[in-house]
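Thank you all for coming; I would like to walk you slowly through one protein chain today, and I will try to explain each term at the moment we need it. Please have a look at the sequence and the model before I go on.

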Amino acid sequence: MVGRPVLAALALVVLAAPGARAQEPGPFPAPKAEPTIVTPGRTSADPPSDAIVLFDGKNLSRWRGKDGGVAKWNVRDGYVEVAPGTGDITTVDKFGDIQLHIEWATPAVVKGEGQERGNSGVFLMDRYEVQVLDSYDNKTYFHGQAGSVYKQYAPLVNASRKPAEWQTYDIVFHAPRFDEQGKVIDRARVTVLHNGVLIQNNVEIYGITYNDRPAIYIAHSNAEPLHLQDHGNPIRYRNIWVRRL
């Protein structure tokens with residue numbers, strides 16, 4: 001005679017078995033290519049072995065002015081500083097999907113408020129802006145503060161450091177895709193960490209980040225330059241590198 005505890009256990013096995021079989025995953029095909037070896041940097045801020053160093057603190061040889069001429073920002077002491085009135089600077093190289101590391105600092109002497117205080121921007125593919133702003137004890141519209149996808153998404157949190165302190169953006173960007181007629185079929189997406197804190201979580205960009213009109217996509221090539229904005233404030237940048245994805 002089978003005891004009741006044994007019968008109960010058998011009943012549980014019988015009842016659970018169909019569900020267990022239904023949830024059991026089938027075998028996944030084995031990857032055909034071994035992952036490429038990339039030597040990481042000494043720290044998380046240092047470029048890995050497959051990175052393209054866009055600014056190493058010495059010169060702007062990988063950058064041009066927006067008119068295609070020489071970039072006129074000031075290089076000294078390992079950083080480059082916006083020379084107000086000289087215009088934005090743009091990379092010589094063009095990129096699509098990327099991982100970008102960039103460090104920046106707003107002026108030690110605080111002037112102005114809101115959007116007039118420590119303003120610049122990192123433009124992905126020359127069109128899609130991650131805002132740079134002194135957002136330490138500085139109120140402005142939420143989707144215009146530091147780390148916002150300009151006029152589209154406020155950052156999840158404000159992780160800003162004090163003026164003149166170095167700050168970091170680590171950005172993962174996926175470029176938009178267009179069909180043969182120029183219609184967007186996959187919007188751009190971006191993830192941003194500000195000083196190591198997640199502030200944009202794979203958000204879908206709605207189009208060009210205009211200041212004064214609704215976002216819209218206008219078809220462009222699958223690789224475009226990065227550019228940094230001259231908004232009239234002497235923002236400093238250093239240690240800029242990128243990895244193609």
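Let me begin with a word that I shall lean on: a residue is called buried when its relative accessible area is under 20%. What you see is a predicted model, and every value I quote is computed from it.

Take Met125 as our example, which sits in the loop between strand 7 and strand 8. Met125 has a relative accessible area of 1%, and because the limit is 20%, it counts as buried. Its backbone also deserves a look, since Met125 is not a glycine and yet has a positive phi of about 55°. Asn239, which belongs to strand 15, is another non-glycine residue with a positive phi, here about 45°.

Stepping back to the whole chain, we find 1 helix and 15 strands, and 42% of the 245 residues are buried. If we take the contacts with a separation of 6 or more, 65% of them join residues that are 24 or more positions apart. The accessible surface comes to about 13,900 Å², and carbon and sulfur atoms hold 55% of that area.

Now to the interior. In soluble globular proteins, nonpolar side chains tend to be buried together. In this model the largest nonpolar core has 46 residues, and Leu124, Tyr169, Phe173 and Tyr237 are the ones with the most contacts inside it. Several strands each supply at least two residues of this core, including strand 7 (120–124), strand 9 (167–174) and strand 15 (236–244), while the largest share, 4 residues, comes from strand 6.

Which residues does Phe173 touch, if we leave out those up to four places away in sequence? Among them are Leu124, Tyr128, Val190 and Ile205, and also Met125, the loop residue we started with.

Finally, let us ask about empty space: how many cavities of 30 Å³ or more does a search of the whole structure find? The search finds 1, and the volume of this largest cavity is about 40 Å³. Its lining is made by Trp63, Leu100, Ile102, Val122, Leu226, His227, Leu228 and Ile240, with strand 6 and strand 14 each giving at least two of the lining residues. Of these residues, 7 are nonpolar, 1 is polar and none is charged. Strand 6 therefore appears twice in our story, as a supplier of the core and of the cavity lining.

Technical notes
Residues numbered from 1 in each chain as written. Predicted model: local features only at pLDDT ≥ 70, side-chain atom pairs only at ≥ 80, totals over all residues. Heavy atoms only, no water. Core = buried A, V, L, I, M, F, W, Y, C linked by side-chain atoms within 4.5 Å. Buried < 20%, exposed > 50% of the residue type's maximum accessible area, 1.4 Å probe, protein only. Contact = heavy atoms within 4.5 Å. 1 Å grid on protein atoms, 1.4 Å probe; cavity = no way out; pocket = protein on both sides within 12 Å on 5 of 7 lines; lining within 4 Å. Points joined across faces, edges and corners; volume = space filled by probe spheres on them. Nonpolar A, V, L, I, M, F, W, Y, C, P; charged D, E, K, R; others polar. Areas by Shrake-Rupley, 256 points an atom, 1.4 Å probe, with all protein chains shown as cover.
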